[in-house]
Amino acid sequence: MEELKWEKEVTYILEYEGDVYKEHHFVNGIDGSRYRSISENVDTNPPTLTTHKSTGEEFKEMKAELVASRVISQNENFKSAELLYRLPDTGRFLRLLYRKDRYADFYFFMMTY
């Protein structure tokens, strides 16, 4: 049996209306798949599987291209939007929801690969 070792393959920079989020992708060298994590440290927070395959390339940090957006709800205290990004190294897409209100910082959630 092999030891499970995580190596960072890519970190995507996602920007929306001045807010910046980093999405970290890892590979394990066994199954050829990419796994995502909100943290750069996977020792205590194991990454979760995506539908993307590893590119086999060395680690890179790159900006994802925002190709479409749709405001779901907005007022003076709150905004939610649906965002679609193209990932430059694979050409595949990442869909996510964005939320921001006056009491909390922004966050991205419900990511779909």
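**Notebook: strand pairing and core**

I began at histidine 24, which stands opposite serine 37 in strand E3. I note at the outset that this is a predicted model.

**Entry: the chain as a whole**

I looked up the secondary structure and recorded nine strands and zero helices. Read along the sequence, the pattern is β-β-β-β-β-β-β-β-β. I then took the extent of the chain along its principal axes: the C-alpha atoms fill a box of roughly 55 × 30 × 20 Å. For the surface I noted about 7,000 Å² of accessible area, with 49% of this belonging to carbon and sulfur atoms. Of the 113 residues, 37% count as buried. I also checked the contacts between residues at least 6 apart in sequence, and 36% of them join residues at least 24 apart.

**Entry: the open sheet**

Which order do the strands of the open sheet take? I read it as E4-E3-E2-E1-E5, five strands with mixed pairing. E4 (48–53) and E5 are the edge strands, and each has a single partner strand, so one side of each lacks a neighbour in the sheet. From one strand to the next, the twist averages 30°. I kept in mind the general point that strands of a sheet pair through backbone hydrogen bonds, either parallel or antiparallel.

**Entry: pairings of E2**

I followed E2 to both of its partners. With E1 (residues 7–16), E2 pairs in the antiparallel sense over nine bridges. On this side I found histidine 24 of E2 opposite threonine 11, and histidine 25 of E2 opposite valine 10. With E3 (residues 33–37), E2 also runs antiparallel, and three bridges join the two strands. Histidine 24 thus appears twice in my notes, opposite threonine 11 and opposite serine 37.

Is E2 enclosed or open to its surroundings? I counted it as largely enclosed by the rest of the structure, because seven of the nine residues of E2 (residues 19–27) are buried.

**Entry: the two hairpins**

I examined the turns that connect these strands. E1 and E2 form a hairpin with two residues between them, and in that turn glutamate 17 has a positive phi of about 50°. The hairpin of E2 and E3 has five residues between the strands, and there I noted a positive phi near 75° at glycine 29.

**Entry: towards the edges**

I next went outward from E3. E3 and E4 pair in the antiparallel sense over three bridges, and the bridge partner of serine 33 in E4 is lysine 53. On the other side of the sheet I checked E1 against E5 (residues 60–63): these two strands run parallel and are joined by four bridges. Valine 10 has lysine 60 as its bridge partner in E5; in E2, the residue opposite valine 10 is histidine 25. I also looked up the burial of E1 and found the strand mostly covered, with seven of its ten residues buried.

**Entry: the nonpolar core**

Which residues have the most contacts inside the largest nonpolar core? I listed Leu14, Tyr16, Leu83, Tyr85, Leu96, Phe108 and Met111, in a core of 17 residues. The elements that give two or more residues to this core are E1, E7 (78–86), E8 (93–101) and E9 (104–112). E1 gives the most, with four residues.

I then opened the surroundings of leucine 83. Leaving out residues up to four places away in sequence, leucine 83 touches Tyr16, Leu66, Ala68, Ser69, Leu94, Arg95, Leu96, Tyr98 and Phe108. Among these, Tyr16, Leu96 and Phe108 are also on the list of core residues with the most contacts.

**Entry: isoleucine 72**

My last lookup was isoleucine 72, placed in strand E6 (residues 65–75). Is this residue buried, partly exposed or exposed? The relative accessible area of isoleucine 72 is 43%. Buried requires under 20% and exposed over 50%, so I entered isoleucine 72 as partly exposed. Setting aside neighbours within four places in sequence, isoleucine 72 is in contact with Ser80, Ala81, Glu82 and Leu97. For the pair with leucine 97, I noted a separation of 25 residues in sequence and a C-alpha to C-alpha distance of 9.3 Å.

How values were computed. Residues numbered from 1 in each chain as written. Predicted model: local features only at pLDDT ≥ 70, side-chain atom pairs only at ≥ 80, totals over all residues. Heavy atoms only, no water. Buried < 20%, exposed > 50% of the residue type's maximum accessible area, 1.4 Å probe, protein only. Pairing = 2+ DSSP bridges. Contact = heavy atoms within 4.5 Å. Core = buried A, V, L, I, M, F, W, Y, C linked by side-chain atoms within 4.5 Å. Axes fitted to C-alpha atoms, helices over the stretch in contact; angles between N-to-C directions. Areas by Shrake-Rupley, 256 points an atom, 1.4 Å probe, with all protein chains shown as cover.
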